Amino acid sequence: MQLSREQVESFWQSRVAKLDTVRDPCHYMDYWMDRYTWETRTAALEKIGCLKNSDYTVDIGCGLGKYTEFLWGLMESDGVCRGFDRKEFTDLATIDYAVYNQLTFHEGLVPSYDIQLAVQEADVVTLLTVWDFMSIEDRGYLSTWFRSMKKGSNVVMIDIMTNDVPWHQQDLSYKHVDEWAVKNVMMKIAGFEVQQQVPVSCANMQIFHKLGKNAPAFYLSKLWDKLPFTKPQVSCVSWLKT
């Protein structure tokens with residue numbers, strides 16, 4: 001499926017319309033789903049070494065900034081972390097995190113020239129469940145910009161990293177999941193090699209889709225992730241520019 005900018009924008013505007021009543025770190029607009037994703041994603045991010053060693057991190061698709069603040073908190077140096085997203089999100093993030101001088105938020109979506117420059121200068125670029133929500137055209141821009149990143153820099157993604165796309169992530173009007181092989185080949189073409197790969201989620205919202213957005217689905221998902229025979233669907237991957 002060729003995902004267009006119009007399809008992507010329609011989805012995110014539906015989220016923007018709910019900002020007056022719901023302010024969560026993800027886009028699920030539900031306490032239990034957001035708690036599950038926050039706990040699993042941050043646990044994985046803590047294990048990614050390049051995030052701690054970065055002096056300049058750029059978070060593309062930062063949303064309301066909670067994950068960006070977490071990324072900034074992982075930096076062991078007195079570094080800078082910049083988040084980019086649509087104005088409705090970054091305006092709120094700027095207010096919420098105004099006390100931090102080195103954590104800043106900026107209006108901008110790919111193919112913004114400001115993002116292009118930031119990518120070229122960054123030690124680490126992060127896309128936390130962003131890539132599969134981007135239009136096919138904008139993925140092309142970003143993959144080209146990755147080629148101009150400096151040697152020793154990193155790209156970190158959290159997303160579906162399997163060649164078997166889960167049933168509940170297929171044929172969506174607002175999202176197209178690239179298989180792991182596609183993502184990894186794209187990064188290889190840009191001059192990157194996998195540095196770390198940390199599991200995030202095996203359940204990957206499937207139990208929520210079956211049981212609803214509730215506490216039982218949350219606890220069953222956490223349990224499923226710990227079972228020895230389950231395989232991760234969502235992973236956090238760090239690629240190193242060689």
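The following questions and answers concern the sheet, the aromatic contacts and selected backbone features of a predicted model.

Q: What is the strand order of the open sheet of seven strands?
A: The sheet has mixed pairing. Strand 3 and strand 6 stand at its edges with a single partner strand each, so one side of each is left without a neighbour in the sheet. Neighbouring strands are turned by 20° against each other on average, direction ignored. The order is 3-2-1-4-5-7-6.

Q: Over how many bridges do strand 2 and strand 3 pair?
A: Strand 2 covers residues 80–85, and its pairing with strand 3 is in the parallel sense. Within this pairing, Asp 85 stands opposite Glu 107 in strand 3. The number of bridges is five.

Q: What angle does the direction of helix 8 make with that of strand 6?
A: Helix 8 comprises residues 180–189 and packs on the sheet. The strands that helix 8 touches are strand 5, strand 6 and strand 7. Its direction and that of strand 6 make an angle of about 150°.

Q: How many of the residues of strand 4 are buried?
A: In a regular strand the side chains alternate between the two faces of the sheet. On one side of strand 4, Val 124, Thr 126 and Leu 128 are buried, and on the other side Val 125 and Leu 127 are buried as well. Strand 4 is therefore largely enclosed by the rest of the structure, and the count of buried residues is five of the five.

Q: Which residue of strand 5 stands opposite Leu 127?
A: Strand 4 is joined to strand 1 by three bridges, and these two strands run parallel; there, Val 58 stands opposite Val 125. Strand 4 also pairs with strand 5 in the parallel sense, over five bridges. In strand 5, the residue opposite Leu 127 is Met 157.

Q: Is the β-α-β unit made by strand 4, helix 7 and strand 5 right-handed or left-handed?
A: The two strands of the unit, strand 4 and strand 5, pair in the parallel sense. Helix 7, residues 136–146, is the helix of this unit. The unit is right-handed.

Q: What is the angle between the planes of Tyr 36 and Phe 208?
A: The model contains 17 aromatic pairs. One of them is formed by Tyr 36 and Phe 208, whose centres are 5.9 Å apart. Tyr 36 lies in helix 2 and Phe 208 in helix 9, so the pair ties together parts that are 172 residues apart in sequence. Both residues are buried, and the pair is tilted, with an angle between the planes of 50°.

Q: Which residue of the pair Tyr 141 and Trp 145 counts as buried?
A: The ring centres are 6.4 Å apart and the planes stand at 45°, so this pair is tilted. Both residues lie in helix 7, four residues apart, which is about one turn of the helix. Tyr 141 has a relative accessible area of 35% and is partly exposed. At 6% relative accessibility, the buried residue is Trp 145.

Q: Which residues does Tyr 219 touch, not counting those up to four places away in sequence?
A: Tyr 219 lies in helix 10 and is partly exposed at 48% relative accessibility. Tyr 219 belongs to an aromatic cluster with Tyr 31, Trp 32 and Phe 218. The residues touched are Trp 32 and Arg 35.

Q: How far from the centre of the ring of Trp 167 is the charged end of Lys 210?
A: The charged end of Lys 66 sits over the ring of Trp 38, 4.5 Å from its centre. The charged end of Lys 210 likewise sits over a ring, that of Trp 167, and its distance from the centre is 5.0 Å.

Q: What is the relative accessible area of Thr 129?
A: Thr 129 is placed in the loop between strand 4 and helix 7. Its phi is near 50°, a positive value in a residue other than glycine. Buried means under 20% relative accessible area. Thr 129 is buried, with a value of 14%.

Q: What is omega for the cis peptide bond that joins Val 110 and Pro 111?
A: Pro 111 is placed in the loop between strand 3 and helix 6. For the cis peptide bond between Val 110 and Pro 111, omega is about 15°.

Conventions
Residues numbered from 1 in each chain as written. Predicted model: local features only at pLDDT ≥ 70, side-chain atom pairs only at ≥ 80, totals over all residues. Heavy atoms only, no water. Phe/Tyr/Trp six-rings, centres within 6.5 Å; stacked < 30°, edge-to-face > 60°. Buried < 20%, exposed > 50% of the residue type's maximum accessible area, 1.4 Å probe, protein only. Lys NZ or Arg CZ within 6 Å of the ring centre and 35° of its normal. Pairing = 2+ DSSP bridges. Right-handed = clockwise from strand over helix to strand, strands pointing away. Contact = heavy atoms within 4.5 Å. Axes fitted to C-alpha atoms, helices over the stretch in contact; angles between N-to-C directions.
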